[in-house]
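User: I am new to reading structures. Could we go through this one by question and answer?

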Number of protein chains: 2
Amino acid sequence: MTFAEIAGQEEKEQIPPALREALASCFEQVEQALSALLPVPDGPEARLLEAMRYATLGGGKRLRAFLVLQSASLFAVSPTSAARVAAAVEMVHAYSLVHDDLPAMDNDDLRRGKPATHRAYDEATAILVGDALQSRAFEVLAEADTHSDPQARCELVAALAAAIGARGMAGGQMIDMLAEGQTLTASEVTRLQALKTGRLIAFSAEAGAILGRAAPSQRHALAWYGRDLGAAFQIVDDLLDALGSSAEIGKTAGKDAAVGKATLVSILGAERARAQAERLGTQAAAHLDSFGERAELLRQLAAYVVARRR
Amino acid sequence: MTFAEIAGQEEKEQIPPALREALASCFEQVEQALSALLPVPDGPEARLLEAMRYATLGGGKRLRAFLVLQSASLFAVSPTSAARVAAAVEMVHAYSLVHDDLPAMDNDDLRRGKPATHRAYDEATAILVGDALQSRAFEVLAEADTHSDPQARCELVAALAAAIGARGMAGGQMIDMLAEGQTLTASEVTRLQALKTGRLIAFSAEAGAILGRAAPSQRHALAWYGRDLGAAFQIVDDLLDALGSSAEIGKTAGKDAAVGKATLVSILGAERARAQAERLGTQAAAHLDSFGERAELLRQLAAYVVARRR
C-alpha cells in the first residue's frame, strides 16, 4: 500500500492536500522510471527480470523515492535525473527487502501485501533478484543520463555504496541478526536501526543535494533531516508491528516480538517510543530551516511519517 | 591454490618464468589491496567484515586481478589505480562464489580448498557477505583514489555493473539454474557461460583500457581477448571438474555430472572440448596483435589457461 493510497483511505490522518498530491505524483513517476529501467529481455534470463519487476514495481510507500524527488526539487535538478536516482534507491530498497525476507534471514512470506519474492518464485531466484537489483542501481547512477557531471555521478555511487555496505545497511542487518534473543540497550537499538534503515533514508534525502551540486552545509542539513526522519519512521514501523495487524500493514505483524527482537518499543514501551518518534520528527523538520518555504512538503512528510497508522 | 603456487609445483606445465613472477607479484599486490580496503571495524558488525575477508583473502587464482593489472600496464596506469580496480573485481568474483555456493543455489560446501562461507559462518552471514562485497566494489571504483578523472570512474562502475547484472553474470546464473536437468545445445551452453563467467573476465581485461583512457579500438580488442580467454578458461574448468579430483582443484569435483548440468564437455566430449579451448586461447592471443611485445604476458596467460591442470 502506497502513501498515496493510504492518504486516500484515511481521512482522519488529515494528510495535507499538497503532500497527498506530491506523493501520488512521486508514485507514478517512480513506477514509470522503474518500469523503463527494468525492461524484460528475450532469452531464458527473462525470468530474472520478471522477478526483479515483481519485487520492485507496484508497491511500497516510495518514501525513499519521495525524499530524492523532494530534495532534488530544492535545487532545480532535472526531473529525469531525479527520477533515475529515485528509481535506483527504490531498487536498492527492494533488493534489501527480498534478501531480508529469505528463509535464512527473517524468513518472511508476506511483503507489500503479496507473497515475498522467494515464495512467488524460489529462493535461488530471490537471491539473484537482490544481487541484480543492486548492480542495476549502481549502473543507473553511473550512466550519463543521470547527470551531466561525472563527478556528481561518482559521488552518488560512492555515497549510496557507503550507505548500504558493511558499515551501513548490510552491517545493520548483521547486527540485527546477531541481536536476536539478546538484551540490547536503547542506544544499541538506535545505532542498529541507524545503520539498517537510517543510512539509506539519509542518502535519499542527501541525493538531491548531490544532484544539485549544493553547498556542503545544505547537503549535511538534508542528510541530518533524513537521519532523524528515518529514526522516527523506524520507531513508528516498530509500533505498527507491535500493535497492528498483518492486513493493515501489508506484511507479517508481530514478527519482532515473536522472534524476541529488541526494538525501542519493547525497551521503552509504546508510549515513550511514540514520544521519541514525535521528538525526532520535529527535530528532522528543524534541519530544514535554511530552505524556508521550499521545503514545506518535506516538513509535512516528517509530521505524516510520525502520525501514520500503517 | 593460486596460479603462482600451482606454477611453483608443476614444472611439467612449463610456465614461462616471467609469467610466473608476474602472477606471484599480482597475488601479493591484490592481497595487500584487498586487506587494506576491507578493514575490520569496532562494533558487532565486525563479524561481517571478518566474513568478507574470509571469502576474499588468501585464495583464488586471481585471474581477473591479473587481467586488470596487465591490461593497465599497457597504458601506463598508476599501480594504485590498477590495484584498486583489481581488488574491486576480486571482491565481485568472491561475492558471486559466496552466493553461488549457498544451499539454495549450487549447495557447495568446499571453496578454494576450505569450507564455503555459509559453512564457516552461516547462511545469513554469507548472503550479507555477498551483498556487502558487491557494494564495496562499486564504492572503491567510484572513489577519487581510483582515478583522477571521474568520467573514467563512472565508466568503470557502469561497465562492471553491466557485466555482473541481469544481462551478465546474474543472468547467466539464472539460466544455469533453469538449465539443470535440461538438454542444452552447445551454443546455448556457450551463451550461458559467456554471461555467467565471460562478461566479468572480459570487463577485467577491458578495465586497464578504461583506466588508461585508451582508444575504443584498444578497449574493444582487450574486451574480445577477455571474452575468448574466459570461454577457454570455462571449458578447462569444466574439463577439470569432469576429470579431476576435489583435492586437486580445491573445490568439489564431479559436481556438473552429479546435478546433470550441461557443459561443453558433456555435449562435445572431452577431446573436442579441449580442442575448442585451444582454439579460443589462440584466438584470444590474436586480439592482442596491435599491442606488440608489451602484451606478451597476456599472450602467455592465454596459453597457460588452456594448458593448466588445476
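User: This is a predicted model. Through what do the copies meet, judging by the interface residues of chain B and chain A?

Analyst: Take the interface residues of chain B. Of these, 100% are also interface residues in chain A. The copies therefore meet through the same surface.

User: Which kind of axis relates the two copies?

Analyst: Two copies of a chain are related by a rotation about an axis and a shift along it. Here a rotation of 180° superposes chain B on chain A, with 0.0 Å of shift along the axis and an RMSD of 0.0 Å. The two copies are thus related as by a two-fold rotation axis.

User: Which residue of chain B comes closest to the rotation axis?

Analyst: The distance is taken at the C-alpha. It comes to 2.7 Å, and the residue is B:Pro150.

User: Which element gives the most residues to the side of chain B that touches chain A?

Analyst: In the contact, 44 residues of chain B face 44 residues of chain A. On the side of chain B, two or more residues each come from helix H3 (46-56), helix H7 (123-142), helix H8 (150-164) and helix H9 (169-179). The one that gives the most, with 13 residues, is H7(B).

User: How many residues on that side of chain B are nonpolar?

Analyst: Sort the side that touches chain A by class. Eight residues are polar and nine are charged. The nonpolar residues number 27.

User: Now look inside chain B. Is H5(B) roughly parallel or antiparallel to H10(B)?

Analyst: Two packed helices are described by the angle between their axes and the distance between the axes. Helix H5 (residues 79-100) and helix H10 (residues 186-211) of chain B have axes 11 Å apart, at an angle of about 165°. An angle over 145 degrees counts as roughly antiparallel. That makes H5(B), relative to H10(B), roughly antiparallel.

User: How many charged residues are in the contact of H5(B) with H10(B)?

Analyst: H5(B) brings B:Ser81, B:Ala82, B:Val85, B:Val89, B:Val92 and B:His93. H10(B) brings B:Leu200, B:Ser204, B:Ala207, B:Gly208 and B:Leu211. By class, seven are nonpolar and four are polar. The number of charged residues is therefore none.

User: What is the handedness of the crossing where H5(B) passes H10(B)?

Analyst: Follow H5(B) as it passes H10(B). The crossing is right-handed.

User: What radius of gyration does chain A have, set against a compact globule?

Analyst: Chain A holds 16 helices and two strands. Its C-alpha trace spans about 50 × 50 × 40 Å along the principal axes. With 310 residues, a compact globule would have a radius of gyration near 19 Å. Chain A agrees with that, at 18 Å.

Key: Residues numbered from 1 in each chain as written. Chains lettered and ligands numbered in written order. Predicted model: local features only at pLDDT ≥ 70, side-chain atom pairs only at ≥ 80, totals over all residues. Least-squares fit on C-alpha atoms with pLDDT ≥ 70 in both. Contact = placed C-beta atoms within 7 Å. Helix = DSSP H or I, 4+ residues; strand = E, 2+ residues; numbered from the N terminus. Nonpolar A, V, L, I, M, F, W, Y, C, P; charged D, E, K, R; others polar. Axes fitted to C-alpha atoms, helices over the stretch in contact; angles between N-to-C directions. Parallel < 35°, antiparallel > 145°, perpendicular 65-115°, else oblique. Left-handed = near helix turned anticlockwise from the far one by under 90°. Rg over C-alpha atoms; globule rule 2.2 N^0.38 Å.
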